[in-house]
Amino acid sequence: MFKRKLTISDFFLILVNLVPLYGVWFEGWNATEVFLVYCLETVIIGVINVLKMACVTIFVRPKDVWENGGATSMQSGWLFIFFFIAHYGFFVLVQTQIFFGVSGIGDDASFFGKYARVPALLGDNGKLLLLIFITYYTLQNIFSFFLNGAYKTISLGRLMFEPYMRIFVQQFVVILGSIFLSFGAGKIFILVFVIAKIFFELFINFNRFLALAEKKQQLKNERENET
């Protein structure tokens with residue numbers, strides 16, 4: 001369940017997450033802007049996952065096995081994508097609303113007005129950090145998903161759920177961080193946050209959890225088909 005060897009991608013992950021830590025501690029970056037970028041990281045990962053699912057659906061597997069309450073059926077890849085967008089989108093909506101509410105960001109704006117103000121709330125440093133995150137995740141997926149051929153064999157069900165375990169940990173810590181922001185302790189918490197995020201990303205093998213769950217479900221389906 002734990003990673004035993006770090007890859008080049010892992011070292012880049014460390015570097016990317018040390019950038020905001022250095023910025024807040026030594027360059028006077030606004031901790032609130034940095035935490036807002038980490039909220040948007042959830043959106044970046046979701047958008048990239050939709051693109052990955054679309055590529056698999058268009059070029060490899062138009063249909064795949066859909067699990068529903070123990071029953072299985074073959075469904076279009078577009079159903080997987082639609083379900084992911086709706087479910088993951090709701091997840092992001094709840095997270096951002098909690099973050100806005102606890103941190104006090106955009107209290108004077110309407111429900112949709114908060115999101116319209118995000119570019120202004122990010123500031124120049126936040127926009128730079130957001131660009132770094134977008135570049136990192138784009139390159140990471142080009143090499144780890146497309147160039148190594150993973151897109152040819154991964155199931156749409158597995159791909160649909162890949163972001164959730166990692167994002168669940170991230171969102172919990174981001175929301176906790178927003179509480180510290182409200183007390184003016186963002187500089188201290190950004191240190192704890194980055195250390196925790198790097199630890200979970202590097203040493204917890206989320207994909208292995210999913211692979212074992214998928215294998216267990218496959219064995220269960222095979223036994224049910226035999227009976």
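How many residues apart are Glu162 and Arg158 in helix H6? They are 4 residues apart, about one turn of the helix. The views below come from a predicted model.

**View 1. Glu162 and Arg158 pair within helix H6.** The two side chains form a salt bridge, with the closest N and O atoms 3.7 Å apart. Glu162 counts as buried, at 14% relative accessibility. Arg158 is buried too, with a relative accessible area of 18%. Both values fall under the 20% cut-off for buried residues.

**View 2. Lys52 reaches Glu162 from another helix.** The side chains of Lys52 and Glu162 meet in a salt bridge at 3.9 Å, N to O. Lys52 lies in helix H2 and Glu162 in helix H6, so this pair ties together parts that are 110 residues apart in sequence. Both partners are buried. With Arg158 included, Lys52, Arg158 and Glu162 are linked in a network of salt bridges. Side chains of opposite charge can pair when their charged atoms come close.

**View 3. Asp64 meets Arg61.** Their side chains form a salt bridge, at 3.6 Å from N to O. Is Asp64 buried or exposed? Asp64 counts as buried because its relative accessibility is 9%. Arg61, at 18% relative accessibility, also counts as buried. For the structure, the count of salt bridges comes to 4.

**View 4. Met53 sits in the largest nonpolar core.** This core has 49 residues. Those with the most contacts inside it are Met53, Phe133, Ile190 and Phe193. Six helices each supply at least two core residues: H1 (8-26), H2 (31-59), H3, H5 (118-147), H6 and H7 (186-203). Which helix gives the largest share of this core? Helix H2 does, with 14 residues. Nonpolar side chains tend to be buried together in soluble globular proteins.

**View 5. Met53 has contacts with Phe80, Ile81 and Phe84, among others.** Leu156, Leu159 and Met160 are also touched by Met53. Residues up to four places away in sequence are not counted here. Across the protein, take the contacts between residues at least 6 apart in sequence. Of these, 75% join residues at least 24 apart.

**View 6. Val47 of helix H2 is partly exposed.** Its relative accessibility is 46%, so Val47 counts as partly exposed rather than buried. How far apart in space are Val47 and Ile85, C-alpha to C-alpha? The distance is 8.7 Å. In sequence, Val47 and Ile85 are 38 residues apart.

**View 7. A nonpolar patch lies on the surface.** Its residues have about 1,100 Å² of accessible area together. Phenylalanines of the patch include Phe90, Phe111, Phe112, Phe172, Phe180 and Phe183. Leu93, Val94, Ile98, Val102, Leu176 and Ile179 also belong to it. The elements giving two or more residues to the patch are helix H3 (77-103), helix H4 (111-116) and helix H6 (156-182). Helix H3 gives the largest share, 5 residues.

**View 8. Ile98 belongs to both helix H3 and the nonpolar patch.** At 33% relative accessibility, Ile98 counts as partly exposed. Patch residues need over 30% relative accessible area, so Ile98 passes that cut-off with its 33%.

**View 9. Cys39 is buried and Cys55 is partly exposed.** Cys39 has 2% relative accessibility, which means that it counts as buried. For Cys55 the relative accessible area is 23%. How many disulfides does a search of the whole structure find? The search finds 0 disulfides.

**View 10. The whole protein sets the context for the close-ups.** There are 8 helices and 2 strands. From the N terminus on, the elements run α-α-β-β-α-α-α-α-α-α. Buried residues make up 41% of the 227 residues. The protein exposes about 12,700 Å². Carbon and sulfur atoms supply 69% of that area.

Conventions. Residues are numbered from 1 along each chain as its sequence is written. This is a predicted model: local features need pLDDT of at least 70, side-chain atom pairs count only at pLDDT 80 or more; totals for chains, interfaces and linings use all residues. Side-chain values use heavy atoms; hydrogens and water are left out. Patches are made of residues with over 30% relative accessible area and no salt bridge: like charges are joined within 9 Å, nonpolar side chains (Val, Leu, Ile, Met, Phe, Trp, Tyr) within 5 Å. Accessible areas come from the Shrake-Rupley method with a 1.4 Å probe; for residues, only the protein chains shown count as cover. Buried means under 20% relative accessible area, exposed over 50%, partly exposed in between (1.4 Å probe, protein chains only). A disulfide is a pair of cysteine sulfur atoms within 2.5 Å. A nonpolar core is a set of buried Ala, Val, Leu, Ile, Met, Phe, Trp, Tyr and Cys residues joined through side-chain atoms within 4.5 Å. Contact means heavy atoms within 4.5 Å.
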